[in-house]
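Biologist: I am new to this structure and would be grateful for a close look at a single part of it. Please set that part in its surroundings and explain each term as it arises.

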Amino acid sequence: MDKFKEFRLIYFMESNFLAFLLLTIFFFLPSCMKTHEQIKDKDFDTSEHTILSDSAGNEYIADRILIGYTDVARIDKIAQLLEGEIAVHIPELNVISIKIKGNIEKTISFLRSEGVKNTYGIRYAEHVYVRKIIPFETHSTVKQYPSKEQQNHEFHKRLENQLNYTGESLDFYLWGLRAINIKDAWDKEYDGKGIIVAVLDTGVDGTHPDLQGQVIEGYRPTTDMVLPAGTDSSYGGSHGTHVAGTIAAKKDGKGIIGVAPGAKIMPIVLFDNGGWYVGDDFAAKGIVWAVNNGAKVLSNSWGGAGYSQTLKDAFDYALENDVVVVAAAGNSKSIQSYQYPANYPGVIQVGAVEFNGGDYAVANFSNGSPMISVCAPGVTILSTMPQYGSIGYDRRSFIHNENGGYYGFMTGTSMATPHVSGLAALILQKFPNAKPWQVRKIIESGSLDIEIIGPDERAGYGLIQSNSLDAELPNTGGVNYQVRVTDAYGTWNVPSVSVSLIGTSETGRNIRYFAKTNKDGVAKFKSIDSGRYEVFVGGPDSRETSEGLMKIAYRKAEERQFNYNVVLKNESATSTTVRFSSQANLNLEGPITNGEIVFLDVTKLATESGYETVLPLLEDSVDFSHLSGRYIIKLRIPQPATADITVTGSMILNSFSIPITGKITENATETYIFDTYGKNSWWTIFGRL
Ligand code: CA
């Protein structure tokens with residue numbers, strides 16, 4: 001222990017704080033962060049997996065595949081079919097992931113056939129994506145706290161002289177609790193009692209003196225292991241322990257205190273073995289476990305680019321079960337709408353606020369978003385760190401002699417998020433039956449408007465305040481909505497279609513929600529603001545691979561657009577169905593006059609009925625707009641060609657004109673008709689009524 005400098009509080013106060021290393025703060029754990037050498041658990045390590053990239057540049061784990069199923073009795077047969085074994089099973093989401101020994105491309109080709117899908121009850125397949133760790137690099141690694149500016153400021157001098165605000169021995173550093181006036185809530189007996197907050201993170205050191213008694217059973221998805229209450233689960237590092245302390249470090253006069261010291265922490269390990277993301281399959285498993293085991297708030301100080309349907313389904317499962325979802329906006333300074341889970345509809349997205357002795361301001365690193373909800377203290381936040389000897393021990397911490405606990409400073413939207421999760425716990429204590437949107441609205445309406453007047457893309461509704469608890473629960477302002485997209489006949493539910501709701505909430509805020517249609521053709525918007533929206537429906541995305549890892553559309557020309565206006569007024573579920581249609585005409589420029597065009601349905605095996613549709617070529621042209629599906633196209637002639645015949649022409653597809661070509665060689669009777677994408681790239685159309 002002696003090699004770790006022991007700081008006494010008194011030294012802390014008198015040293016003018018020059019001696020303290022501050023943690024630099026990252027949205028995610030920096031890759032350089034190392035866990036304590038005593039880690040022995042090697043049963044799962046993402047770093048040992050081969051990582052590949054899909055056509056959109058998203059990285060995925062090469063030996064696992066997510067399969068949505070229709071019939072749980074057939075999942076073993078699916079595993080056999082793919083010559084793999086089930087890694088993760090999430091019955092609530094009707095999904096499994098399968099660990100595959102062989103080549104993933106070979107596996108995928110099995111799943112293209114509708115016949116195979118029907119036989120095995122496969123709804124869809126998708127990659128297991130990797131969420132990257134993105135270091136936040138704009139902070140220096142060593143900082144002073146408070147800054148000279150802070151020390152000189154009159155407000156801070158008053159702060160220095162004031163009585164111990166929280167009653168804890170490290171009170172001086174808990175500026176974030178003062179900023180949100182938390183004592184007003186505690187004085188009214190709201191401390192989060194009876195509410196479980198799941199910390200989806202790197203695990204939590206439950207042996208920390210300030211967390212003892214606060215950490216209940218948790219879950220480690222990679223090993224399917226229930227973590228006993230009060231134990232050390234900091235497998236992925238110190239981050240989760242820090243987050244947990246901000247939520248519910250205990251009230252005992254020693255160390256620090258959380259926003260909701262009466263709440264309980266449920267650790268869910270999504271960053272395991274030194275901080276590696278466990279994959280969307282294990283993450284979804286962890287989210288569902290938390291919901292099923294009584295968590296009322298999910299605190300997510302993590303995220304990344306890339307929309308995942310599996311994660312979306314998992315968070316929708318939480319919202320459907322009236323579990324509040326809070327997520328960090330990220331630390332890349334940008335105005336963004338692509339960080340997930342922060343930008344899934346219904347999530348309370350949180351930015352970070354700093355205090356420089358004067359006004360509160362949004363921290364320069366804090367991401368903005370059209371959908372940011374509120375912001376909370378997120379710069380130089382003091383909280384609990386794993387104890388020396390724990391798995392996640394982090395040398396950038398110091399021991400506090402009063403209780404022998406380890407503490408450290410961190411900065412980031414990761415630190416702002418648990419302040420909001422804690423406040424949500426207090427609100428749920430007061431209103432146990434509150435819907436997630438009601439919790440969000442009451443937090444938003446009680447927030448202190450900072451920076452631009454009114455809600456904005458950087459601060460949302462402003463800095464959270466405990467006086468949210470003084471308000472009554474709103475009765476209006478939230479709604480569940482969904483958009484279903486089908487082909488012209490309502491028989492093909494079209495996945496991978498982008499649906500945006502852009503408009504104005506009933507409170508006058510400009511709002512923008514985004515979701516994609518799932519494998520049932522449905523884009524869900526759970527627990528969103530009521531309001532007046534224009535709905536933009538577009539796709540399927542030609543840049544993306546999905547649904548059985550098979551492209552729905554190759555060409556921009558195949559994408560359909562549709563928009564309409566809608567007023568979403570009350571909480572009852574509302575739904576709209578959008579039917580796509582296409583116009584498709586194939587024109588050949590001689591010399592073929594008596595041929596026929598053959599359409600091969602790529603979702604069917606050659607032996608299945610309906611695989612082949614034949615239309616006569618009339619005056620060098622065929623209109624096939626009435627077909628719906630994905631087709632490879634051939635030209636067939638009645639007699640073998642006496643010499644090579646080169647065919648050219650154009651595909652008029654939804655008013656795009658695409659040059660096409662083909663060649664019937666001597667003695668042959670047919671050729672593929674294709675464009676620059678090649679003969680194996682099918683054409684996607686949605687029929688026409
Ligand atoms: Ca304490």
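Modeller: The answer below takes the meeting of two helices as its part, and then moves outward to the rest of the chain.

The model is predicted, so that local features need pLDDT of at least 70 and side-chain atom pairs count only at pLDDT 80 or more, while totals for chains, interfaces and linings use all residues. Residues are numbered from 1 along each chain as its sequence is written, and side-chain values use heavy atoms, leaving out hydrogens and water.

The chain has 13 helices and 40 strands (DSSP runs numbered from the N terminus, helices being H or I of at least four residues and strands E of at least two). Of its 689 residues, 62% are buried (under 20% relative accessible area with a 1.4 Å probe and protein chains only; exposed is over 50%, and partly exposed lies in between). Contacts (heavy atoms within 4.5 Å) often span long stretches of sequence: among those between residues at least 6 apart, 75% join residues at least 24 apart.

The chosen part is the place where helix 10, residues 280–292, meets helix 11, residues 309–320. Two packed helices are described by the distance between their axes and the angle between them. Here the axes come within 9 Å and cross at roughly 5 degrees (axes are lines fitted to C-alpha atoms, for helices over the stretch in contact, with angles from 0 to 180 degrees between N-to-C directions). The two helices are therefore roughly parallel to each other (under 35 degrees; over 145 is roughly antiparallel, 65 to 115 roughly perpendicular and the rest oblique). Helix 10 brings D280, A283, A284, I287, V288, V291 and N292 to the contact, and helix 11 brings T310, L311, A314, F315, Y317 and A318. By type, these residues are ten nonpolar, two polar and one charged (nonpolar means Ala, Val, Leu, Ile, Met, Phe, Trp, Tyr, Cys or Pro; charged means Asp, Glu, Lys or Arg; the others, Gly among them, are polar).

A loop residue also touches this pair. L93 lies between strand 4 (84–90) and strand 5 (95–100). Leaving aside neighbours within four places in sequence, L93 is in contact with A284 and V288, and with T310, A314 and Y317, as well as with R123 and D313. L93 counts as buried because its relative accessibility is 9%. The C-alpha atom of L93 is also 7.9 Å from that of G68, a residue 25 places away along the chain.

Through A318, the helix pair leads to a wider cluster. A318 takes part in the helix contact. The largest nonpolar core has 77 residues, and those with the most contacts inside it are I182, L382, V420 and I443 (such a core is a set of buried Ala, Val, Leu, Ile, Met, Phe, Trp, Tyr and Cys residues joined through side-chain atoms within 4.5 Å). Apart from it lies another core, of 70 residues, and A318 is among its members, as are I268, V325 and A515. Helix 12, residues 413–430, gives the most to the core of 77, with nine residues. Beyond its neighbours within four places, I443 is in contact with I348, V374, V420, L423, A424, I427, I464 and S468.

Helix 12 also helps to cover helix 9. Helix 9, residues 239–248, has ten of its ten residues buried. Its cover also includes strand 7 (196–201), strand 10 (264–269), strand 13 (297–300), strand 20 (381–385) and strand 22 (405–410).

In the loop between strand 9 (225–227) and helix 9 is D232. D232 counts as buried, since its relative accessible area is 18%. D232 and G206, 26 residues apart in sequence, have C-alpha atoms 5.1 Å apart. Outside its neighbours within four places, D232 is in contact with V204, D205, G206, T207, S390 and I391.

Some backbone features complete the view. Most residues other than glycine have a negative phi, and most peptide bonds are trans. A cis peptide bond joins Y340 to P341, with omega about 15 degrees, and another leads from G539 to P540, with omega near 0 degrees. E83, in the loop between helix 2 (75–81) and strand 4, has a positive phi near 50 degrees. E83 is exposed, with a relative accessible area of 54%.
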